Amino acid sequence: MSGLGPDARALIDAASGGDDPTDRDAARVRAKIAARVAIAAGTGAASVTAAKTSAAAATSASSIGLATKVAVAVALASGATASGVAL
């Protein structure tokens with residue numbers, strides 16, 4: 001196989017950046033990634049808060065009704081599932 005001639009090489013060099021994303025595309029992708037990271041961080045923080053609240057509630061669980069215990073368990077399960085933690 002022989003190397004490319006000057007005309008073919010010039011054509012390839014001219015088209016080499018044709019499939020790169022535009023600045024607008026790159027900014028759009030960065031914004032979407034930042035939004036997803038923020039959502040994940042918020043979900044994680046909510047799960048930690050729910051866990052701390054649940055732990056504090058568990059210390060006085062004997063005085064809490066069954067409905068409250070079930071509500072706390074559902075909230076913890078929902079937070080863990082939303083943050084990607086398997087129960």
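## Three helices and two salt bridges

Read from start to end, the chain follows the pattern α-α-α. That makes three helices and zero strands, where helices (H or I, at least four residues) and strands (E, at least two) are DSSP runs numbered from the N terminus. This is a predicted model, in which local features need pLDDT of at least 70 and side-chain atom pairs count only at pLDDT 80 or more, while totals for chains, interfaces and linings use all residues. Residues are numbered from 1 along each chain as its sequence is written, and side-chain values use heavy atoms, with hydrogens and water left out.

Let's start with the surface. The chain has 87 residues, of which 5% count as buried; buried means under 20% relative accessible area, exposed over 50%, and partly exposed in between (1.4 Å probe, protein chains only). About 6800 Å² is exposed by the chain, and carbon and sulfur atoms supply 65% of that area (Shrake-Rupley method, 1.4 Å probe; for residues, only the protein chains shown count as cover).

Now for the charged pairs. Side chains of opposite charge can pair when their charged atoms come close. The structure holds two salt bridges, each a side-chain nitrogen of Lys or Arg within 4 Å of a carboxyl oxygen of Asp or Glu.

| Salt bridge | Closest N and O atoms |
|---|---|
| D13 and R9 | 4.0 Å |
| R28 and D25 | 3.5 Å |

D13 and R9 are four residues apart in helix α1 (residues 6-15), so about one helical turn separates them. D13 is partly exposed at 46% relative accessibility, and R9 is partly exposed at 41%.

R28 and D25 lie three residues apart in helix α2 (residues 23-59), about one turn of the helix. R28 is partly exposed, with a relative accessible area of 47%, and D25 is partly exposed at 29%.
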